[in-house]
Amino acid sequence: MENKSKKSSGIKTLILVAILAIAALAMFGIYKTFMPKGQTGAKEITVSVVHADKTEKDFTYQTDETYLGAVLEKEGLIEGTEGEYGLFITSVDGETADDSKEQWWCITKGGEQVNTSADQTPIADGEQFELTLKEGY
């Protein structure tokens, strides 16, 4: 009797794992289908960098890329590491965020914070982005 109970429990666990895997794949597919897409073709974007000392520097790029991160990496403006949520920017225009000061690079578009990593932020012609070194998590 105990053997039958173990088999039944094992089958239930296997079915649950299979259901969770299918649900995860479905969610990934939905995300990929509906995630923001960048504009194709030639475009011009402007990126303003606000350093720790509050100085600002503007960069204008002509590109065929569809996502912000690709442009910024290609142009050598940023450095970062790939993480669970995409590209995590660690350095911009030669200035590296200092973890001991809880510094981080914030991406905004027209003054509004974006909720995607640089490599998942779509771009369109004429858009303006800001990269600001913030302090405090």
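This is a short walk through the fold, the sheet, the salt bridges and the largest pocket of one predicted model.

Okay, hi everyone. Before anything else, please keep in mind that we're looking at a prediction.

Let's start with the overall picture. The protein has 137 residues, and 31% of them are buried. In terms of secondary structure, you get 2 helices and 8 strands. If you read from the N terminus, the order goes α-β-β-α-β-β-β-β-β-β. For those of you who like contact maps: take contacts between residues at least 6 apart in sequence, and 55% of those join residues at least 24 apart. And the accessible surface is about 9200 Å², with 56% of that belonging to carbon and sulfur atoms.

Now, the sheet I want to show you. It's an open one, made of 3 strands in the order β3-β4-β5, with antiparallel pairing. Which strands stand at the edges? Those are β3, residues 78-83, and β5, residues 95-96; each has a single partner strand, so one side of each is left without a neighbour in the sheet.

Let me take the two pairings in turn. β3 and β4 run antiparallel and are joined by 6 bridges. The connection between β3 and β4 is a hairpin through 2 residues. If you want a spot to click on, try Thr 81, whose bridge partner in β4 is Phe 88. Hang on to Phe 88, please, as that name comes back with the pocket.

On the other side, β4, which covers residues 86-92, pairs with β5 over 2 bridges, again in the antiparallel sense. There you'll find Ser 91 standing opposite Thr 96 of β5.

Between those two strands there's a loop, and Asp 93 is in it. What is the sign of phi at Asp 93? Positive, about 50 degrees, and Asp 93 is not a glycine. For context, most residues other than glycine have a negative phi. There's a second case like that: Glu 102, also not a glycine, has a phi near 55 degrees. Glu 102 is found in the loop between β5 and β6, the latter being residues 103-109. As for exposure, Asp 93 has 25% relative accessibility and so counts as partly exposed. Glu 102 comes out at 37%, so that one is partly exposed too.

Right, charges. As a reminder, side chains of opposite charge can pair when their charged atoms come close. How many salt bridges does the structure hold? There are 3.

One of them involves our friend Asp 93, whose side chain meets that of Lys 57 at 3.9 Å, N to O. That pair links distant parts of the chain, 36 residues apart: Asp 93 in its loop between β4 and β5, and Lys 57 in strand β2, residues 56-63. Lys 57 is partly exposed, at 42% relative accessibility.

Another is Glu 65 with Lys 74, where the closest N and O atoms are 4.0 Å apart. Now, the cut-off for calling a salt bridge is 4 Å, so treat that pair with the cut-off in mind. Glu 65 is partly exposed at 26%, while Lys 74 is exposed at 63%.

And then there's Glu 127 with Lys 109, at 2.7 Å, N to O. This pair also joins distant parts of the chain: Glu 127 sits in the loop between β7 (112-113) and β8 (128-135), Lys 109 is in strand β6, and 18 residues separate them. Is Glu 127 buried or exposed? Buried, with 16% relative accessibility. Its partner Lys 109 is partly exposed, at 36%.

Last topic, the pocket. Rolling a probe the size of a water molecule over the atoms shows where empty space is left. Here, the largest pocket holds about 270 Å³ of space. Its lining has 13 residues, and those nearest the centre are Phe 88, Trp 105, Ile 107, Thr 116 and Ser 117. So who contributes? The elements giving two or more residues to the lining are β4 and β6. Which one gives the most? That's β6, with 4 residues.

So to tie two threads together: Phe 88 is the bridge partner of Thr 81 in the sheet, and Phe 88 is also among the residues nearest the centre of the largest pocket. That's what I have, thanks.

Definitions and conventions:
Residues numbered from 1 in each chain as written. Predicted model: local features only at pLDDT ≥ 70, side-chain atom pairs only at ≥ 80, totals over all residues. Heavy atoms only, no water. Pairing = 2+ DSSP bridges. Buried < 20%, exposed > 50% of the residue type's maximum accessible area, 1.4 Å probe, protein only. Contact = heavy atoms within 4.5 Å. Areas by Shrake-Rupley, 256 points an atom, 1.4 Å probe, with all protein chains shown as cover. 1 Å grid on protein atoms, 1.4 Å probe; cavity = no way out; pocket = protein on both sides within 12 Å on 5 of 7 lines; lining within 4 Å. Points joined across faces, edges and corners; volume = space filled by probe spheres on them.
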